[in-house]
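I am opening a fresh page for a structure that I have not looked at before. My plan is to look up its bonds, its rings and its overall fold, and to write down what I find.

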Amino acid sequence: LTSVIALADEDGSLQPYAHLYRGDSLMLAGKYVAAESDYESATRDFTSIGDKVSAEVARAGWAFAMYGAGKEDRAVTLMNDVIIRTPGINGEIELLLNLAEKEASVHVALAAHYWAQGRSSAAEGEWDRACVRMDTMSEYVAGGKGASQFDKKGTERIQKTYYKPPGVNRRGCKQFRDRSWVSQQRGWPPALLDKLDNFFKVSVSSSAAPLQ
C-alpha cells in the first residue's frame, strides 16, 4: 500500500482512502505517529472533495492515533470535535453506519479517559451514550425492533450487501469489555486500553452489563 501511495502521489491520482486504510493498518501495528500522519492527510483530502462522512471517519482515527502517540489532551479535543460534527452529517446509509460506529467508539474512549481523571459522572455519561448508539445500530443491522418501518429498506440493503460496519453486532457495546477485541480489531493504544480496563473494573453502570 505504501508503494501504491508513493506512485499515486507522483501522478496526482491518489485517493484519500489509501491514506485512511494505511492509517488503519498502522494503528493495528501500533505505529501511532505514522498512522496520525495518514489520518490527517485523509481528513484533509476528504474534506477538500466534500466527503464529510469519510472525513469524520478519518478524523476519529486521527484522534485515536494521536492518543497513542502520547498527545492525549489534543486527542480528547479532537474526539469531542468528532462528536459535535457527526449529528449534522448526511450521506449513504452504509457510510453513515460506519461513522456512527466510529462515533460510538469515541464515546467509549472518552469514558475511559474521563474515568482515569476521576470524572466518574462524565465517564458513565459517555458510556451510556455509546451503548445507546451501539445497541441501536445492532438492532438496525439485524432488522429488529430498533428499525422502524421507515428504515426497513435501509435495513434490507445492509443485510444484502457485503458491507457491515466493524463492531456492529448483537453484542452491542458489551464487546468493548473484551480487551483482545478492542486491541486487535480496533487498534486502540495500550494506554487507552488500560484506562478502559480500569473503567470496567470499578464502574457501577458497566458492571451491570456483562459480556455475553
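Before searching, I settled what to count: a disulfide is a pair of cysteine sulfur atoms within 2.5 Å. I also note that this is a predicted model, and I read every entry below with that in mind.

Entry on the disulfide. I searched the whole structure and found one disulfide, which joins Cys131 to Cys173 with a distance from S to S of 2.2 Å. I then looked up the torsion about the S-S bond of Cys131 and Cys173, which is about 90 degrees, so I recorded the disulfide as right-handed. Cys131 belongs to helix α7 (residues 120-142), while Cys173 lies in the loop between α8 (152-160) and α9 (179-186), and the pair thus links distant parts of the chain, 42 residues apart. I checked both cysteines for exposure and found Cys131 buried, and Cys173 buried as well.

Entry on the aromatic rings. How many aromatic pairs does the structure hold? I count nine aromatic pairs, and I chose one of them, Trp115 with Phe199, for a closer reading: the ring centres are 5.4 Å apart and the planes stand at 80 degrees, so I call the pair edge-to-face. Because Trp115 lies in helix α6 (residues 93-116) and Phe199 in helix α10 (residues 190-202), this pair ties together parts that are 84 residues apart in sequence. Trp115 has 18% relative accessibility and counts as buried, because the limit for that word is under 20%. Phe199 is buried too, with a relative accessible area of 0%. Elsewhere in my notes, ring pairs link Phe64, Phe176, Trp181 and Trp188 into a cluster.

Entry on charges over rings. I looked up Arg119 and found its charged end over the ring of Tyr114, 4.1 Å from the ring's centre. I also noted Arg177, which lies over the face of Phe200 at 5.1 Å from the ring centre.

Entry on the whole chain. I find eleven helices and zero strands in the chain. Of the 212 residues in the chain, 48% are buried. I went through the contacts between residues at least 6 apart in sequence, and 59% of these join residues at least 24 apart. For the accessible surface of the chain I wrote down about 10,600 Å², with 52% of that area belonging to carbon and sulfur atoms.

Methods
Residues are numbered from 1 along each chain as its sequence is written. This is a predicted model: local features need pLDDT of at least 70, side-chain atom pairs count only at pLDDT 80 or more; totals for chains, interfaces and linings use all residues. Side-chain values use heavy atoms; hydrogens and water are left out. Rings of Phe, Tyr and Trp (its six-membered ring) pair if their centres lie within 6.5 Å; planes under 30 degrees apart count as stacked, over 60 as edge-to-face and the rest as tilted. Helices (H or I, at least four residues) and strands (E, at least two) are DSSP runs, numbered from the N terminus. Buried means under 20% relative accessible area, exposed over 50%, partly exposed in between (1.4 Å probe, protein chains only). A charge sits over a ring if NZ of Lys or CZ of Arg is within 6 Å of the ring centre and within 35 degrees of the ring normal. Contact means heavy atoms within 4.5 Å. Accessible areas come from the Shrake-Rupley method with a 1.4 Å probe; for residues, only the protein chains shown count as cover.
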